[in-house]
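Have your viewer ready, and let's take a short walk through one chain, one selection at a time.

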Amino acid sequence: MKEPTDDTSTGLPWPKRWGGVYGLVMGVFVVWVALLSLLSRLFP
Amino acid sequence: MNALDYVILVGSMMGIAAYAVWNTRGKRDLRGYLKGSGETRWLTIGLSVMATQASAITFLSTPGQGYESGLGFVQNYFGAPFALVIIAVVFLPLYRKLNVYTAYEYLGHRFDSKTRLLGAGLFLIQRGLAAGITIYAPAIVLSTVMGWRLDATIVCSGLLVVIYTVTGGCDAVNLTQKYQIGVIFAGMVAAFFVLLARMPAGLSFGDALTLAGGFHKLEAVDFSMNPDRRYTFWSGTLGGMFLALSYFGTDQSQVQRYLSGASMRESRLGLMFNAVFKIPMQFFILLLGVLIFVFYQFERPPVYFNKTAWSLQAEHDKGGKLRSLDSAFTLAHAAERRQVEDWLGARRAGDARAEAAARQGALSAQERVEAVRAETRAALDAAAPGTKANDSDYVFITFILDHLPHGLIGLLVTAFFAAALSSKSGELNALGSTTTVDIYRHIVRREASDAHYVVASKVFTAFWGLVAIGFALFANLAENLIQAVNILGSIFYGVMLGLFLLAFFFKRVKGTAVFWAAIAAQALVFVLYSTLSISYLWYNVIGCAACILLSLLLEAALGPRGARRAPAP
């Protein structure tokens, strides 16, 4: 079987694929924007 | 500052620098000197990338931005996660595949020698100037409030960073940055908790946020499409993405950090670390400034935070204008404080109508406070026209010196110097590498031993260090310091990014078309910057788009003549 390479495997327990890491980063960004918007709505 | 503060400052700075010099002794080959030992792990890379970007200006000036304008500046960083993902997917694999020392070497591989030199030249001009600001910015603020000599502050901090960067190269930079950012975080977190502890008794964190929100300081996200507004979600995400793409992807001071990774995995994770933590870090620093604003609702702040400039003019205040402004400020602040206390009282009593009335009263009182401040600034400007520094840069350091205990003052001042040195060392390391690899080895002396190039690299690093110190000694900045750095970057980065995007994605475009298009696009950005008043972040988009479009047009016009490949770099 082909060994996972740096290019495909993150070597992390989760996410194992780079696509998952990038998705996670984008998800964190969306959460941050939502939280910042919520902050200004909670304390207008 | 007392003796304890000075012991912390001098001990930490010298200790970290000495440790780096000792730990990196014996690095004698060019690869080790410019790219490190090749064993750097992702956390070190992540912290190093963060430390290179977050200079002392970030930590001194950003709380002042929060104090004056609230959280809106955080939007400037919204484009960073997108940019860092693109760099991890597209830029990084190409740099690693070609095993380049500098990003501009890649331009040589893809286009030709002159385009490589143009990229390196744009970087050297922009980063050489920015390195001067990096060292000047904390020095002007710290020397003013501490009563130190500005030139001595610039020379001492400048020489320390030059010594360890020249001695240890890339590994010394990465190593010192790791410890320096630890000192910075420790200082900022400690300041945050002491600030909360110093708030008036009975004022909860929720009350503090309510007051901040009432004064419009928590408006973090603005979805309006008005291009004249400096920070919006769109300018921050799109313009900020171009700025971050250009800065992290093409600025050698950053490229050198992640190319030192032990593997692609380590480099990528280091970049993703920044993609996740950049926005929260900036938010935290801005929030610190917003909470200082709330703190000063209950504690009279100085009418002008730059107390040294104030005292200097107050001594010659013949008509008593400044004294009367100071008295007017005391009255205006006392009136505002009463309104704020009424507001909180009504809020606790659950009286919505009284709360709304008191809030309106507090906003009106705040307008009066700001009017007195503006009058004071005008009076000081009239008395000393050469004084241009933005008073908001002095907010955080004034709070630290007036309200934090000794020991912590030392830690915070150490943090500012650590931040100054960490970004400066990354910049010098990159300036030295680019001059050696893209100019000296490429044009002046093509065949020489590794040892020769290591010596050359050290000489060039020292040279740029001295240039930065010289620039800092003669600098005089009008803008808020952190904006000055971003504006400078935005003027050059768009075209630089255009060069790299053409290299990555437009395979049929050749060097000659790209070279002339880049020069024309850069000229266009200069003209637009001097004639328009749009948010500076848009110049990243304009410069990049102009470079790409003009290249495509020129390539079409030049046809087969332009398609002839220039000699290999």
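Start by colouring the two domains of chain B in this predicted model: their centres, taken over C-alpha atoms, are separated by 36 Å. For the selections, use 3-296 + 399-563 for domain 1 and 301-386 for domain 2.

Next, select the place where these domains of chain B meet: eight residues of domain 1 are in contact with nine residues of domain 2. On the domain 1 side, show α7 (113-146) and α9 (205-214) of chain B, the elements that give two or more residues to it. The largest share there, four residues, comes from α9(B). Colour that side of domain 1 by class and you will find four nonpolar, three polar and one charged residues.

Now zoom out to the whole of chain B. A cartoon view will show 22 helices and zero strands. The radius of gyration is 25 Å, close to the 25 Å from the globule rule for 569 residues, so chain B is as compact as a globular protein of that length. Along the principal axes, its C-alpha atoms fill a box of roughly 75 × 55 × 50 Å. Of the 569 residues in chain B, 55% count as buried.

For a last stop, pick B:I8, which sits in helix α1 (residues 3-23) of chain B. Is B:I8 buried or exposed? It is buried, because 21 other C-beta atoms lie within 10 Å. Leaving aside residues up to four places away in sequence, B:I8 touches B:G407, B:G410, B:L411 and B:T414. Finally, draw a C-alpha to C-alpha distance from B:I8 to B:S422: they are 414 residues apart in sequence and 17 Å apart in space.

Definitions and conventions
Residues are numbered from 1 along each chain as its sequence is written. Chains are lettered from A and ligands numbered from 1 in the order in which they are written. This is a predicted model: local features need pLDDT of at least 70, side-chain atom pairs count only at pLDDT 80 or more; totals for chains, interfaces and linings use all residues. A residue is buried if 20 or more other C-beta atoms lie within 10 Å of its own, exposed if 12 or fewer, and partly exposed in between; C-beta atoms are placed from the backbone. Two residues are in contact if their C-beta atoms, placed from the backbone, lie within 7 Å. The radius of gyration is taken over C-alpha atoms; the globule rule is 2.2 Å times the number of residues to the power 0.38. Domain bounds come from an automatic or database domain assignment. Ala, Val, Leu, Ile, Met, Phe, Trp, Tyr, Cys and Pro count as nonpolar, Asp, Glu, Lys and Arg as charged, and the others, Gly among them, as polar.
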